Protein chains: 2
Amino acid sequence: MSSRVPEERRRRRPTRSGVLLSEDLIVGTALRLIGEHGSEALSVRRLGAALGCDPTALYRYFHDTDDLVLAIADRIIGDAMAGFVPGDDWVASLREMALRVRAGYLAHPRAAALAAHRVTRRTSEIQAVDTGIGLLLSAGFEPAAAARMYLAFIDTVLSHAATEAAFLALPGQQREADRRAWRDVYQDLDPVAYPALTAVRRELPGMADSSFEEAVDLLLEALAARAPTHRASTGGSSPG
Amino acid sequence: MSSRVPEERRRRRPTRSGVLLSEDLIVGTALRLIGEHGSEALSVRRLGAALGCDPTALYRYFHDTDDLVLAIADRIIGDAMAGFVPGDDWVASLREMALRVRAGYLAHPRAAALAAHRVTRRTSEIQAVDTGIGLLLSAGFEPAAAARMYLAFIDTVLSHAATEAAFLALPGQQREADRRAWRDVYQDLDPVAYPALTAVRRELPGMADSSFEEAVDLLLEALAARAPTHRASTGGSSPG
DNA sequence: GCCTTACGTCAACAGGGTTGACCCAATGTG
DNA sequence: CACATTGGGTCAACCCTGTTGACGTAAGGC
C-alpha cells in the first residue's frame, strides 16, 4: 500500500483527468488545501477531488492518512531548514534554527497545528536532529547530556511554534477576542483579590504578544551556563 | 440547544434506563470514559451509551461537541489548581505550578489537546496569572519584566503540556509508532551523513521520554540568574 | 507483441457528528 | 384535581469520514 516502490520505478499512469500523481504533488496539494480552507478541509475525498483523481488512489502513495500527515510535516521542516549551515557560534546557530523552524510553522499555521507534535521519521527531520545535536556536542556536552539538552530545546521550540500556529489557525473572530481579553477582562479587577495583576496592569496588553524569542533566549542562556566549554565569541564581533 | 436553562429549573426526566442526566454527570462520565478506554473513546454515541441514554440527548445540555469539550477543560483547570498556595521560595512555587498544570492536562489528554490553546478568561485562570506574576514580583523583577517573564514561563509550561497531551491523545497505534521511531529508524543511519546522531546513538531511545521537567528547570535557572534579588532560601530549610 | 503487475477506479462498510420530527411526562396554573 | 405548556428523551435519517477488496487497464521489461 505504502510507497515501497522507489519514486523512479513507478508506473505513473495518468488519472481520468490527465494528472500524473507523485508524492510531491500530493503533499503540495494537501498543503495548499489546508492553507486555503483550514485543517479540517484535509480529507482523503477532498484531496482526491483537488488532485483530479479517485480518493483511494492516494493509498498507492501513502499507507494511510497518518502517513500523509507525517510527509506534510517533513516537507515543512525541510523547507524551513533549506540552506541552513551551522556557524562557529553554537548558541547563535541554535537560535537561528529555532527561528527558522518557527517561521516554517507560521507559514502553514493550519497544517502545523496538525503535524507539530509528530515524529516524522523522514530525512528532513533526521537531518535537523543531527545538526542540532552536533551543535551541542561542539559546545562540549557529553553525548547523554547533548541528547537530553537537544530534546528540551527542540521540544520548547516546537511546542511554542505549535501554540502560535494554533492561535493563528483560529477563526479571526475568536483570535481577536482572545487578544482583546488581556485589554478588557484583565483591566477592571479587584485590587485586593488580585494585587499582582493590579501592580502590572499597564503591562498586560503585551501579554497578547509572542513570548517565543524570550523563551528561546532564556533557554539558550541556561544552556550556555551549563556548557562545559564557554562560547567562542562573547563579544558580538564575528559577522555572518 | 445549549444549557440556557438554569440547572435547578430543569425538568429532568429519567432516561429509558432510569438515569437522571445533568451537566456534571455528563462531564464526569466523559472524563471517566477517556480515562478508562483510551483517548479515542470520546464520541457522542459512546458517551450516550455510557450514560445510558440516547446519544442525541446530550444536545439538550451542550450546543455541540466543542461546547462539551470546553466544559470538560474548565473542570480540568479547576481541579489542577485546587488548593495551591504559593510558598516562600518563588522558584519552587513556580515549579510546583508548572507540575500541577501539566498533571491536570495529562490526566485528560484528549480534552486537553483540544482546548489547550484557548484563553478561558475565567476565575481559575485569572487567579493563576495573579499568583505567578506575584511570585516574580517577589523575586524583585520590575512590573514590565515580571509580566514578560511570566508570559515566557507560562507559555512554555502550557505549550509543553499541550504537546505531551497531544502525544497521549494520539491513537495507540500512532503513539507507539512515534515512540518506536527513535529506537528503529534512528539506529541504522549512515555514520558519514549523520555523524552527530551516530555519536549519541545509544542515547536516542530516551528521546521518546518527556523533556518537560528539563525544560522547566532550564527556564527557572535562567530566571533565577536574571532575578535582581537572589533566592531567599537556597538550602531546603523552612518547613511548610 | 506478449506477460506481468503497478496503479487508478469503483462499490461498499463501519464509524463519526448533527438535525428535525415525534411524543411523553414533569411542571406551573387554576 | 385537572388542564395546558413545554422541556427533553427518543428515533430515523442525512452526510461526512477513513479504509478495504475486487476489478480492469495500461505501462514497461523482455
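Contact means heavy atoms within 4.5 Å. Keep that cut-off at hand. The model is predicted.

**Exercise 1. The interface**

Task: Work out why the copies can be said to meet through the same surface.

Solution:
- Step 1. Take the interface residues of chain A and look for them in the interface of chain B. 98% of them are also interface residues there.
- Step 2. Conclude. With that overlap, the copies meet through the same surface.

**Exercise 2. The symmetry**

Task: Find what rotation and shift superpose chain A on chain B, and name the axis.

Solution:
- Step 1. Recall the principle. Two copies of a chain are related by a rotation about an axis and a shift along it.
- Step 2. Read the values. The rotation is 178 degrees, the shift along the axis is 0.9 Å, and the RMSD is 2.4 Å.
- Step 3. Name the relation. It is that of a two-fold axis.
- Step 4. Locate the axis in chain A. The C-alpha nearest to it belongs to A:Ser159, 2.4 Å away.

**Exercise 3. The second largest pocket**

Task: Describe the space, the lining and the character of the second largest pocket.

Solution:
- Step 1. Start with the space. The pocket holds about 700 Å³.
- Step 2. Count the lining. There are 36 residues, and A:His117, A:Val119, A:Leu151, A:Asp155 and A:Leu158 lie nearest the centre.
- Step 3. Assign elements. Those giving two or more residues are α3, α4, α6 and α7 of chain A, with α7 and α8 of chain B.
- Step 4. Pick the largest share. α7(A) supplies six residues.
- Step 5. Sort by character. The lining has 22 nonpolar, seven polar and seven charged residues.

**Exercise 4. An aromatic pair**

Task: Classify the ring pair A:Tyr150 and A:Phe153 as stacked, edge-to-face or tilted.

Solution:
- Step 1. Count the pairs. The whole structure has four aromatic pairs over all chains.
- Step 2. Take the geometry of this one. The ring centres of A:Tyr150 and A:Phe153 are 6.4 Å apart, and the planes meet at 45 degrees.
- Step 3. Apply the cut-offs. Planes under 30 degrees apart are stacked and over 60 edge-to-face. The pair A:Tyr150 and A:Phe153 is therefore tilted.
- Step 4. Place the pair. Both residues sit in helix α7 of chain A, three residues apart, so about one helical turn separates them.

**Exercise 5. Confidence**

Task: Where in chain A is confidence lowest, and where highest, among the helices named here?

Solution:
- Step 1. Begin with the chain. Chain A averages a pLDDT of 85, and 88% of its residues score at least 70.
- Step 2. Find the extremes. Helix α8 (residues 172-184) is lowest, at a mean of 71, and helix α10 (residues 212-226) is highest, at 96.
- Step 3. Check residues 1-6 of chain A. Their pLDDT is below 50, with 15 contacts beyond near neighbours in sequence.
- Step 4. Check residues 232-240 of chain A. Their pLDDT is also below 50, with two such contacts.

Definitions and conventions. Residues numbered from 1 in each chain as written. Chains lettered and ligands numbered in written order. Predicted model: local features only at pLDDT ≥ 70, side-chain atom pairs only at ≥ 80, totals over all residues. Heavy atoms only, no water. pLDDT = per-residue confidence, 0-100. Helix = DSSP H or I, 4+ residues; strand = E, 2+ residues; numbered from the N terminus. 1 Å grid on protein atoms, 1.4 Å probe; cavity = no way out; pocket = protein on both sides within 12 Å on 5 of 7 lines; lining within 4 Å. Points joined across faces, edges and corners; volume = space filled by probe spheres on them. Nonpolar A, V, L, I, M, F, W, Y, C, P; charged D, E, K, R; others polar. Least-squares fit on C-alpha atoms with pLDDT ≥ 70 in both. Phe/Tyr/Trp six-rings, centres within 6.5 Å; stacked < 30°, edge-to-face > 60°.
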